[in-house]
Amino acid sequence: MGNALELKNVSKFYKLNSKDKELGLKDVSFNVKAGEIVAIIGPSGCGKTTLLKLIAGILENHEGSILYRGEKVDKARQDGQFSYIAQDSGLLPNRTVRQNIGLPFELCNVSDERAVAKSIKLVGLKGFEKFFPSELSGGLRQRVALARAIVSNPKFVLMDEPFSSLDEFTRESLDVELMNLHSKLKQTILFVTHNVEEAVFISDKIVIMRGTPGQVASIIKTNLNHERNLKLKSSKSFYNNLIKVQKELRKVIEC
Amino acid sequence: MLKKILIPIFAIVCLLALWQFTEVENSKVRIKEGRTTLEAFVPTPITIYETLRKEGGLIASQMGFTLGRALIGFISGIALGVFVAILTVRFPLFRRVVLPISLGVNSFPIVGFAPLIILAFGQGSNFSIIFISIIIAYFPVFISFEHGLMSAEKGLIETAYVFGASKWQILSKVRIPLAIPNLLNSLKLALPASIIGATMGEWLGSKNGIGQLITIALYQLRPGLLYASLLSITAVSLILTFSLGYLTKVIVPWKK
């Protein structure tokens with residue numbers, strides 16, 4: 001499978017004042033294959049979210065190259081190939097569940113009620129279509145965000161600690177939900193998290209970052225061929241991966 | 001619920017009764033002393049009621065002029081406030097120019113501003129009166145709506161952006177809908193303000209309207225008519241403002 005995303009020597013400077021600037025990210029390079037799930041993990045302040053925002057095109061002015069299928073990310077974003085789930089769900093409070101999920105279509109000036117209905121069914125939101133985000137629990141809100149992220153069948157989904165504010169059980173069930181969706185839709189996913197267990201469970205590859213400035217410390221392939229369900233968490237291969245990532249993270253923190 | 005309504009009504013009735021009683025008793029003393037009764041300056045609640053009953057038609061017809069002007073001023077003020085606020089958010093350079101000017105003009109006392117408008121556009125002209133009303137209605141709308149547009153959550157804007165939203169789409173799908181509660185709140189200030197503006201404009205010079213009726217009542221020493229006119233316009237203004245509050249609940253059901 002070819003590379004969906006290629007990052008080469010990506011650095012990001014922050015302007016402190018008119019004279020001084022601070023290096024936020026330094027020479028970050030890695031690739032994400034099409035259909036792969038890559039988790040980015042690292043201590044707080046190592047630039048995980050900055051990196052995700054650079055890839056999403058939210059932040060500009062970086063050094064190095066970020067290419068999506070060989071082209072600049074802006075083009076893919078404008079073509080509606082990207083979708084995004086923010087930590088706080090990013091749902092518009094004035095829109096119902098159905099209207100929030102239909103937003104990607106609306107931005108392209110099209111309407112696809114069937115796709116919206118299918119998405120609602122896929123993430124188990126039937127019956128909540130007319131609810132406003134303020135009427136939903138945190139877990140349901142993230143489900144809406146998930147439905148919106150997949151509704152227009154985007155090629156690339158960016159997730160910024162999407163389940164971090166949820167309790168352990170809800171997070172676990174949403175991780176499983178995400179894996180079920182991925183097995184059906186095969187989208188490329190870049191997932192920022194600070195939870196080692198979550199990173200190992202969902203990803204094919206884990207990019208471990210260290211800071212400051214944020215750099216790639218190591219890249220670990222999980223090689224978990226097992227179907228991603230809760231049974232996996234009691235397998236030996238999962239445990240070995242968990243220990244491996246934890247060791248790497250400890251090294252990063254001790255450095 | 002009944003208590004919530006009954007207690008204020010009871011308090012108002014008590015106050016009116018006290019006002020009536022005190023004034024009647026005071027007038028008796030003043031008549032004995034050979035002095036003018038207070039009634040010549042401050043009417044009793046019963047006098048106001050009688051005036052309302054007798055002169056209700058006149059007050060209503062004059063109110064029609066005032067409300068017509070206020071309504072035109074109110075709608076134009078909203079349109080102007082919304083339009084300028086959108087431009088300031090969309091074009092930062094425009095914002096840098098318009099915001100300080102708007103805040104400066106808003107700080108200018110309207111009592112001093114109104115005569116300037118009348119001097120410029122002519123006494124007794126409908127345009128002068130409506131213009132005063134527009135100016136007064138514009139500021140709360142502009143300031144509040146602009147604040148609402150600017151305070152849309154960064155995360156929501158970023159999410160829409162990644163989904164491929166253009167700058168205009170971010171404005172129309174994210175910023176504007178989220179600023180609607182601010183706009184509706186500002187209308188509760190702008191509506192009575194536009195009525196005040198129209199009344200003030202008429203008071204400074206007009207052939208009709210509540211403002212002109214107040215001037216006549218003042219110079220003809222008819223305090224009953226003066227109070228009845230003021231009370232009527234206040235009541236209409238209050239009813240309209242409360243209706244706007246209800247409208248807010250209907251338009252923004254998501255804002256709880």
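Biologist: Which residue of E8(A) is the bridge partner of Met159(A)?

Modeller: In this predicted model, the partner of Met159(A) is Phe191(A).

Biologist: What makes strand E7 (residues 156–160) and strand E8 (residues 188–192) of chain A count as paired?

Modeller: Pairing asks for at least two bridges. E7(A) and E8(A) share five bridges, so they pair, and they do so in the parallel sense.

Biologist: Where do these strands sit in the sheet, and in what order do the strands run?

Modeller: The open sheet of chain A has six strands in the order E6-E7-E8-E3-E9-E10, with mixed pairing. The twist averages 15° from one strand to the next.

Biologist: Why are E6 and E10 of chain A called edge strands?

Modeller: Strand E6 (82–85) and strand E10 (215–221) each pair on one side only.

Biologist: Now to chain B. Why are H2(B) and H3(B) called oblique?

Modeller: Their axes cross at roughly 135°. Angles over 145 would be roughly antiparallel and 65 to 115 roughly perpendicular; 135° falls in neither range, nor is it under 35, so the two helices are oblique.

Biologist: Which residues make that contact?

Modeller: H2(B) brings Val84(B), Leu87(B), Thr88(B) and Val89(B), while H3(B) brings Phe94(B), Arg95(B), Val98(B) and Leu99(B). They divide into six nonpolar, one polar and one charged.

Biologist: And how many residues does each chain give where chains A and B touch?

Modeller: Chain B gives 16 residues and chain A gives 22. On the chain B side, H6(B) gives the most, with six residues.

Conventions: Residues are numbered from 1 along each chain as its sequence is written. Chains are lettered from A and ligands numbered from 1 in the order in which they are written. This is a predicted model: local features need pLDDT of at least 70, side-chain atom pairs count only at pLDDT 80 or more; totals for chains, interfaces and linings use all residues. Axes are lines fitted to C-alpha atoms, for helices over the stretch in contact, and angles run from 0 to 180 degrees between N-to-C directions. Helices (H or I, at least four residues) and strands (E, at least two) are DSSP runs, numbered from the N terminus. Two residues are in contact if their C-beta atoms, placed from the backbone, lie within 7 Å. Ala, Val, Leu, Ile, Met, Phe, Trp, Tyr, Cys and Pro count as nonpolar, Asp, Glu, Lys and Arg as charged, and the others, Gly among them, as polar.
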